[in-house]
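Biologist: I am new to this structure. Please take me through one part of it closely, the packing of two helices, and then set it beside the interior.

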Amino acid sequence: MAPSFDWWEKETHKGTPVVVKLQNPNNWSIDELEGPTDDDFLQNGGVPMAADNKRRNKNAKQLTWVLLLKAHKAAGCLTSIASAIFGLTAAVRRRIASGRTDNDAAAGGGAHGRTVKSRFYSCIKAFLWLSVLLLGFEVAAYYKGWHFGAPDLHLQYLYTLTNSPLSVKDVFGSLYSRWVLIRVEYLAPPLQFLANACILLFLIQSVDRLVLCLGCFWVKFKKIKPVPKQGAVDLESGDGGGFFPMVLVQIPMCNEKEVYQQSIASVCNLEWPKGKLLIQVLDDSDDPTTQLLIKEEVHKWQREDANIVYRHRVIREGYKAGNLKSAMNCSYVRDYEFVAIFDADFQPNPDFLKRTVPHFKDNEELGLVQARWSFVNKDENLLTRLQHINLAFHFEVEQQVNGIFLDFFGFNGTAGVWRIKALEDSGGWLERTTVEDMDIAVRAHLNGWKFVFLNDVECQCELPESYEAYRKQQHRWHSGPMQLFRLCLPDIIRSKISIWKKTNMIFLFFLLRKLILPFYSFTLFCIILPMTMFIPEATLPSWVVCYIPATMSFLNILPAPKSFPFIVPYLLFENTMSVTKFNAMISGLFQLGSAYEWVVTKKSGRSSEGDLISLVEKEPTHQRGVSVPDLEEMQEEIRQQEQKARKKKHNRIYTKELALAFLLLTAAARSLLSAQGIHFYFLLFQGVSFLLVGLDLIGEQVA
């Protein structure tokens with residue numbers, strides 16, 4: 001009869017031998033050997049042999065080694081994390097010590113603009129100190145046993161708690177109970193009403209974004225694209241089909257010595273009959289050295305037989321709009337039918353005019369043909385990657401859908417061709433806002449002109465690489481539309497366009513996408529959400545905090561699928577930028593001092609560096625419109641670029657972003673007391689995002 005034994009005795013004796021290979025404390029491996037079989041435990045009446053006892057002792061020693069090695073590795077990881085934290089803290093301390101605040105940057109502006117900015121910052125700072133005070137109050141109450149969540153706050157219960165003879169009558173308990181009653185009766189209802197209003201606006205804007213995405217999907221599915229009418233240019237043949245109207249090309253620039261060469265060279269190489277093309281370099285630079293460099297570049301191309309002229313205004317008024325308006329007043333402009341506009345950092349392909357101008361033939365209602373932007377530095381840093389996501393959606397979805405279904409969109413200010421008659425009928429360039437491109441587009445649409453957007457025609461340009469430059473650009477882009485809305489609203493109402501187009505322009509183009517979007521982004525996620533942590537009787541659902549924003553971010557990132565790994569930083573950064581956009585929107589809407597602030601976006605000239613290196617490496621060839629580079633000149637230019645790269649840079653401290661960072665982190669700490677998981681993580685990561693931006697740890701530093 002087979003010997004009997006209990007199953008737990010069998011399991012007690014079984015083991016899995018391993019071999020630990022140790023080269024150094026940070027490089028080790030474990031090899032598992034074949035374990036003992038059941039027969040090994042059935043010998044001698046179920047008693048293991050001596051070899052099994054030795055194996056078990058060896059296994060125990062090996063397991064001890066494994067545990068010790070894992071503990072050593074964990075200690076090494078903790079040491080590395082600690083050193084990394086200390087290093088980051090030291091870097092932050094150095095940046096703060098050497099940095100300049102955004103208040104210092106505004107010192108050169110008007111006194112009224114500085115006052116407006118300081119008031120906005122003072123409001124945020126007051127809110128921050130109040131939240132810190134409330135956090136201390138709530139923590140003290142928590143440790144005294146006041147564990148309230150939103151569902152537990154009932155007025156009857158609170159009245160009983162505060163008025164009962166058995167309740168605690170200490171001073172702190174009395175104060176906190178009164179504070180809770182004030183929250184329930186007076187603070188929570190208006191806060192919940194404001195939260196519900198913002199949620200409604202959020203849902204409306206999300207539906208608008210979803211409709212735009214569906215429209216883009218329909219365009220892709222049906223392969224809809226604007227094509228020239230019959231009899232226009234055959235782009236495949238390249239012969240132009242005999243349609244070569246007179247085209248004026250304008251390059252407005254102002255102190256942009258990093259990029260002027262590439263834009264002038266690209267425009268001078270456009271494939272168009274020389275006698276029907278005139279290039280105007282509209283230089284508004286106030287730096288004499290930059291003026292001389294640009295003028296010499298124009299003279300160089302004139303010697304190469306390019307039809308190009310240099311213009312410099314003595315009285316520099318109206319910024320870019322004033323520059324373009326002055327150029328259009330030249331007597332020879334009346335000989336031209338179309339005008340193409342390129343900013344100083346834009347590099348059109350040689351066939352740009354051949355792919356855009358043919359759309360005007362036999363289409364007398366067409367006033368504008370807009371091309372898409374592409375970016376030479378979209379992968380330069382995290383900031384440029386996030387900008388690329390936004391602009392890819394703008395062109396791929398917004399501009400394309402509005403152009404196909406509405407024949408209207410906002411002119412992007414560059415990389416577009418205008419019918420000069422449309423400009424004249426609409427009143428020409430006006431200096432009344434900082435968004436002269438949107439201004440002329442709105443007035444042209446009100447006069448019945450149609451627009452075409454070409455998603456397959458791209459024009460290379462640069463993205464701002466520093467947060468300082470991007471911030472100023474976004475301020476101008478979000479204050480200008482509100483200025484324009486105040487000025488154009490009566491004209492829109494009185495215009496003869498259809499009711500549907502009026503509704504689209506007022507409620508969708510201006511209110512929803514230019515006013516409501518920055519308003520609810522800042523108010524809902526940077527003000528109301530932290531307040532609900534300290535007034536938990538007013539709540540924000542989890543789907544508002546997490547699921548809807550994540551879905552919208554996913555839709556935004558679809559036109560740039562390679563950027564999908566950056567979806568979380570994109571969501572956080574968009575909320576971080578809401579403080580700048582909200583401030584700009586308020587400034588433009590109420591005509592505050594900073595609404596008319598115009599700063600030329602700083603260019604890095606990285607595309608110029610690439611062109612320079614390629615020209616040095618290649619053997620120069622004589623082509624029409626291409627000058628032969630001088631090797632010594634090129635080497636000198638390279639040395640200058642290297643010196644510029646070695647120039648000492650500094651960071652800037654952004655006080656509003658830092659104040660909001662600490663406000664959100666304080667609210668995150670308060671949310672821990674209520675065990676609100678999603679809200680805590682959102683506030684934590686959003687606060688860290690504000691902190692990184694406030695310390696200028698995103699993008700390039702300012703030279």
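Modeller: What follows goes from a helix pair to the nonpolar cores and then to a single histidine. Keep in mind that this is a predicted model.

Start with the pair. Helix α15 spans residues 467–494, and helix α18 spans residues 567–589. Their axes lie 7 Å apart and meet at an angle of about 40°. That angle makes α15 oblique to α18. The crossing of α15 past α18 is right-handed.

Now the residues that touch. From α15 come Y467, Y470, R471, Q474, H475, H478, S479, M482, Q483 and R486. From α18 come F573, M577, T580, K581, A584, M585, S587, G588 and L589. Sorted by class, this contact of α15 with α18 holds 8 nonpolar, 8 polar and 3 charged residues.

Next, the interior. The largest nonpolar core has 85 residues. Within this core, I264, W418 and V442 have the most contacts. Strand β11, residues 450–461, gives the most to this core, with 7 residues. Another core lies apart from it, with 52 residues. Among them are I124, F127, V180 and A538.

Last, one residue up close. H445 sits in helix α14, which covers residues 436–446. Is H445 buried or exposed? H445 has a relative accessible area of 5%, so it is buried. Leaving aside residues up to four places away in sequence, H445 touches L406, D407, F408, F451, I497, K501 and M505.

Definitions and conventions: Residues are numbered from 1 along each chain as its sequence is written. This is a predicted model: local features need pLDDT of at least 70, side-chain atom pairs count only at pLDDT 80 or more; totals for chains, interfaces and linings use all residues. Side-chain values use heavy atoms; hydrogens and water are left out. Axes are lines fitted to C-alpha atoms, for helices over the stretch in contact, and angles run from 0 to 180 degrees between N-to-C directions. Helices (H or I, at least four residues) and strands (E, at least two) are DSSP runs, numbered from the N terminus. Angles under 35 degrees count as roughly parallel, over 145 as roughly antiparallel, 65 to 115 as roughly perpendicular and the rest as oblique. A crossing is left-handed if the near helix is turned anticlockwise from the far one by less than a right angle, and right-handed if clockwise. Contact means heavy atoms within 4.5 Å. Ala, Val, Leu, Ile, Met, Phe, Trp, Tyr, Cys and Pro count as nonpolar, Asp, Glu, Lys and Arg as charged, and the others, Gly among them, as polar. A nonpolar core is a set of buried Ala, Val, Leu, Ile, Met, Phe, Trp, Tyr and Cys residues joined through side-chain atoms within 4.5 Å. Buried means under 20% relative accessible area, exposed over 50%, partly exposed in between (1.4 Å probe, protein chains only).
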